[in-house]
Amino acid sequence: EMAQPQAPASPIRGLSVREDASGCPALHQKVGKNKYICLANFFFRIEAFVKFPLKVHSRYNGYILFVQRVDGVSMECYVTIDEIETVKKFKAAINRTFAERGGVIWQGITDRQLSIYIMDKLKEFVGSAESKKYHGSLIIGRQPNYRKVDANGEFVDDPENNPGISMEDNKIKPNDFDTAVYIFNDRVQMDHTGLIEEPKHKYMVPLLKSMPAAMSDKFINNYLAENPVQIEVPLLPFNWKMIIGQAKSFFSVNFLPFLMFTCGGIAAFHFAQIVNRIGCCPVATAIGEISSGKSTALDVISKMLGLHVVSQSSGEYVCSSLTKSTVPLSWDDPSHASLVNKPLMSVFNGHGQQTMGRGNEKPVTSFLLTINFKMDDDMRSFERTTPIWFAKLVNGENDGKEKFLKARKVILEMASTNCILDIINLGRRITTTNLAEHQSFFQDKLAGLSPRLPQIYSVYRLIAFEIAKLVDDDTILSTTNVDTYLEAIFLPFVMSMYTGSTKAHTSFNDFVKLLVQAIAKLGLKKDKLTGWFKPLLKGKKERIDYLAFVLPTAIDVIKRAGFDKPGWKNIRELARSMEHADVNHKCRFGGMAKTGKESCLKIPRRVLPKECIDEIDKDNMTEMEERFDARTHKLEETHYQELQELRKSHNEEVAALRNDNAGLKKKIVEQENSEKEMKRQIEFLSGMLRQAEARREEDARASQRMSDEHHGSSVTMSVAKIVVSESDMEKNEGCEERSLNDSGLGQELMTSTSGTAETAGKKLSCYESHMKAYQQKL
């Protein structure tokens, strides 16, 4: 074989990893032969490359570095491709992670040295056969596993396959649920065979949480508030016989409802697979009174599956949480029925819901629900649940409560995530063929109801039978026990919710007559009708008069009037069969905001009998409605004009304020300029004063010198007069003697200088007083 070329030796000023005097490895610089100096208190190596499957996340592709300080502290640091290209960003990325441990020090490393060292490390990583490459993941739970298939539809192995992309080369890749990887936290990954020792996925949320760019990225930040599942490692064999036997003793009459609720939790765990098989996955809902064991059942299932439990939460929070993890959510006892409507609609078929702030939130899992109220008033929500009735367990006696609490503690201690491998493998049994075997059990028993129900309940029966195999003890649980419960308790309860309290109508006319009778019996006036009922609605495109009303409210009116309540679904089906009818029409009723609309039925008036139309139009209901619409339109126009006037007035006030503000700013600038001029003059006069004082002091010293000199000259003259000859004196008799006293000159100079200083001082005082006045104005 041809010899591989040797890597070029590092330049004399290059970097290398050496041990310092204490034996700790760190970055050193070569300064001579066998001579090195330590330049940093750490070293690093590239551990793996991470690539995100989706394009919206590709900007976060990068490298995981192992960084260790000389004190032994080591951490995983994540550096994106963009950051590794720039030395400054690279340093910031490492200290971003190491900040909580005190950071690292780059003592004397130049940018060029570090850039060359990073390039060498990248070459070393790319050229190594042992270099690791991960699929970046942000989701807890089952990871996407899209794989290529051959001409026969069989999955094929492709090392270059990207499991996170569902289409490649214009071909759709099926999702292989059976071999999918499950990420439960940053340390535990599993598939159907057990724990994965050498994973191909990397859970990136812990590494991205310290990255400011990720925190502000709308495609990332939704995943950063994760709820990882704490899996007990190492996995121990799970004793299904013991936990199910304890559940049978604890839940007593609610044992099989607990089993069905557990099946619902496992179904939610395999949410995407079930939606793929039957098109929907209703929410398993435990219904019953307080102290019926619903919450305990939810806690046991949550401990087994690692579910996050919430209680007093909003529907928006639940919908948002279902997009971050494929592990289901446990929702215990929401306070109002209205809270569960949106989440139930969102997860039923996995299509999600449109939100104002976050766009379309598509769930990747479902949730378990416990409630203390029935949802028979809202059949649309009820149809998206699998209702499981729990009878009351504890009576009012203290002894019964104490035994209940002790038994509850025991079963909660027995529940653990050691069963998670069995739960994953149960998903491999949810196939179209296996489900078809169980659908036949429900087909005849649910005749007349929704054709989806046999498909939905076949999932529960299949999982219950699989759990019976895991228990492997007919005295505790048998398939016969399951079927007996389904036939004697579960199905009758479901059918009573669908049909027991409703009356099936064969004609929409009968329903309208019943509605008009209920309105008359309750004596509902216009103010009670306009919020949900429109007797006349003009068609915009076609010349057809319509009748529009909100169906749930209409059914509630019939119920309050004491008549047999019609089935919500029955009425919708009758309306859908009529030409030009619309069962999903959006209409604005009285009392709503201008932009508010509500879903309702829109029925052509012409398909209704004349007597029915006359009954509807009785008491000028249509005329009143038209007058109401005209008055509403007039009010809207008035409000619009008032709004325009307010906007105009507001704009004028804003313009006036802007002008005033500009004038005020101009005055402030002028006064600031005046202040600067005064300060300049004060400084000038202060200088003049200092100069005058200096001259005065100098003149005083000069005058003193002249006075001293004059005193010495007078003494000399006196002596000279004594020795002068008489004749000389006589010669000078006629001459006038001049005065040699020059002491007055200094006094005049002092007087002149003093006057100048006083004048300057007065001017300075004047300017200072003006300055104070301007400062007060400002």
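This is a short tour of two sheets, a helix pair and a few cysteines in a predicted model.

**Stop one: the mixed sheet**

Begin by selecting strands E6, E5, E4, E7 and E14, which in that order form an open sheet of five strands with mixed pairing. At the edges you will find E6 (74-80) and E14 (201-203), each pairing on one side only. Going from one strand to the next, the twist averages 40°.

Now add helix H2 (residues 87-98), which packs on this sheet and touches E4 (42-51), E5 (62-69) and E6. The direction of H2 makes about 140° with that of E6. Next, show helix H3 (residues 111-127): H3 lies across E4, E5 and E7 and runs at about 50° to E4.

For a closer look, zoom in on E7 (residues 132-137) and E14, which run parallel and are joined by three bridges. Which residue of E14 is the bridge partner of histidine 135? Pick histidine 201 and you have the partner.

**Stop two: the parallel sheet**

Move on to E16, E17, E20, E15 and E21, listed here in their order within another open sheet of five strands, with parallel pairing. E16 (308-310) and E21 (385-390) are the edge strands; each has a single partner strand, so one side of each is left without a neighbour in the sheet. Here the twist averages 20° from one strand to the next.

Select E15 (residues 283-288) together with E21 to see six bridges pairing them in the parallel sense. Threonine 285 is a good place to pause, with proline 387 of E21 as its bridge partner. Then bring in helix H8 (residues 255-269), which packs on the sheet and touches E15, E20 (367-371) and E21. The direction of H8 makes about 155° with that of E21.

**Stop three: two crossing helices**

Show H7 (residues 240-251) and H17 (residues 452-471), whose axes come within 8 Å and cross at roughly 115°. The two helices are therefore roughly perpendicular to each other. To see the contact, display Trp240, Lys241 and Ile244 on H7, and Ile467, Leu470 and Val471 on H17. By class, this contact has five nonpolar residues, one charged and no polar.

**Last stop: the cysteines**

How many disulfides does a search of the whole structure find? Zero. Select cysteine 280 to see one case: its closest cysteine sulfur, in cysteine 281, is 7.5 Å away, too far for a bond. Cysteine 280 counts as buried because its relative accessibility is 2%. Finish at cysteine 263, also counted as buried, at 0% relative accessibility.

Definitions and conventions: Residues are numbered from 1 along each chain as its sequence is written. This is a predicted model: local features need pLDDT of at least 70, side-chain atom pairs count only at pLDDT 80 or more; totals for chains, interfaces and linings use all residues. Side-chain values use heavy atoms; hydrogens and water are left out. A disulfide is a pair of cysteine sulfur atoms within 2.5 Å. Buried means under 20% relative accessible area, exposed over 50%, partly exposed in between (1.4 Å probe, protein chains only). Axes are lines fitted to C-alpha atoms, for helices over the stretch in contact, and angles run from 0 to 180 degrees between N-to-C directions. Helices (H or I, at least four residues) and strands (E, at least two) are DSSP runs, numbered from the N terminus. Angles under 35 degrees count as roughly parallel, over 145 as roughly antiparallel, 65 to 115 as roughly perpendicular and the rest as oblique. Contact means heavy atoms within 4.5 Å. Ala, Val, Leu, Ile, Met, Phe, Trp, Tyr, Cys and Pro count as nonpolar, Asp, Glu, Lys and Arg as charged, and the others, Gly among them, as polar. Two strands pair if DSSP finds at least two bridges between them.
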